[in-house]
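Please examine the following model with attention to its nonpolar cores and its salt bridges. The discussion begins with one charged residue and then turns to the interior.

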Amino acid sequence: MVSFTECFGGLFSKFRRSTPKQIEPDSAIGGLLQSYPANPVQHPELNPELSKIASNLETIIAFVNPKSGGQKGRIVFERLKNYLNRENIFDLTKGGPKLGIEKHKNKNDLRIIACGGDGTVGWVLSVLDEMKLDNQPSVAILPLGTGNDLARTLGWGGGYNNESMEIFIKKVIFGKIVKLDRWSIETNLVYSDQNDIEVKRSSDAKDKLPLNVINNYFSIGADAKIALDFHSAREKNPELFTSQAFNKIEYAKNYSKDLLNRSCKDMLQDITVFECDGISYLDKLKTLNSHSIVFLNIPRYF
């Protein structure tokens, strides 16, 4: 049985391309947000000379995942050097984000750029959770992943396609801040009898999840298997995943393959309780013959 506990989320800079409007959140924790339209001509406050915002640049640090975006992260790393101090840019494959945050944590209005996919953003947020800073930095996203669903939701777009880095940096500086609800998840292995202990030893079952925080969504079944297979293949042969287009094609191939193999067709046989707010949905899921169950925290999913 899976139980969820609501927890306070990270802070995000957000920049919308449409007319400013208020967004009413579903949860009382989420705040109201107004942000600027993304037109530096109509809004000259977004287009000052870089020399006039030099002090703001010192409060920005960037974490780049060079493997994201079909290796596009390496290009972004070099371009950021034209605007940020070299000591403010960090390669996530060399020690992760903790050392960089620790180094700059005392700066006022610290803003972090997470350059990568949704997994990269989650990594940075989880480290911030662990560090329990008195002044939580805000986090902006330069989307380099395959889906970039969180970046789309927060108005940063669906992917970086060599747009002006100067304009992006100004959005980070002048963007408004919005709170994001995040969730913790607890899992436990349940045995029907003592003999199942042998099953645990010979299977891939884990006592704990690699990450127990939900930023975007949490899924079990076919969807989770496809995502895991993709991640495993990319970790094994990163040289093959050199473009976002190729990554999306691989995802589509895995979906098509699973559609034929029906690898999780018996998933519901292993679920005995499925409740939300005291209401059971198990019978409905069985009626639908569901192969996947997804819990959404944002309005975008792939």
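Is Asp 266 buried, partly exposed or exposed? In this predicted model, Asp 266 has a relative accessible area of 39% and is partly exposed, because that value lies between the 20% limit for buried residues and the 50% limit for exposed ones. The salt-bridge partner of Asp 266 is Lys 265, with the closest N and O atoms 3.2 Å apart. Lys 265 also counts as partly exposed, at 39% relative accessibility.

This pair is part of a wider set, for the count of salt bridges comes to nine. Another of them joins Asp 229 to Lys 225, where the side chains meet at 2.8 Å, N to O. Both residues belong to helix α9, which spans residues 222–236, and because they are four residues apart they are separated by about one helical turn. Asp 229 is partly exposed, with a relative accessible area of 34%, and Lys 225 is likewise partly exposed, with a value of 36%.

A salt bridge between Asp 129 and Arg 182 has a different setting: this pair links distant parts of the chain. Asp 129 lies in helix α5 and Arg 182 in strand β8 (residues 182–186), 53 residues apart, and their side chains meet at 2.9 Å, N to O. Asp 129 is partly exposed, with a relative accessible area of 30%, whereas Arg 182 is buried, with a relative accessible area of 0%.

The account now moves to the nonpolar interior. In soluble globular proteins, nonpolar side chains tend to be buried together. Here the largest nonpolar core has 44 residues, and those with the most contacts inside it are Leu 80, Ile 113, Leu 142 and Ile 169. Both strands and helices contribute: β3 (60–64), β4 (89–91), β5 (111–116) and β6 (138–143), together with α3 (73–80), α5 (118–131), α6 (149–153) and α7 (165–174), each supply at least two residues of this core. Helix α5 gives the most, with six residues. The helix that holds Asp 129 of the long-range salt bridge is thus also the one that gives the most to this core.

Ile 169 illustrates how the core is connected through the chain. Leaving aside neighbours within four places in sequence, Ile 169 is in contact with Leu 57, Ile 60, Leu 80, Tyr 83, Leu 84 and Ile 113. A second, separate core has nine residues, among them Ala 222, Cys 264, Met 267 and Ile 271.

Technical notes
Residues are numbered from 1 along each chain as its sequence is written. This is a predicted model: local features need pLDDT of at least 70, side-chain atom pairs count only at pLDDT 80 or more; totals for chains, interfaces and linings use all residues. Side-chain values use heavy atoms; hydrogens and water are left out. A nonpolar core is a set of buried Ala, Val, Leu, Ile, Met, Phe, Trp, Tyr and Cys residues joined through side-chain atoms within 4.5 Å. Buried means under 20% relative accessible area, exposed over 50%, partly exposed in between (1.4 Å probe, protein chains only). Contact means heavy atoms within 4.5 Å. A salt bridge is a side-chain nitrogen of Lys or Arg within 4 Å of a carboxyl oxygen of Asp or Glu.
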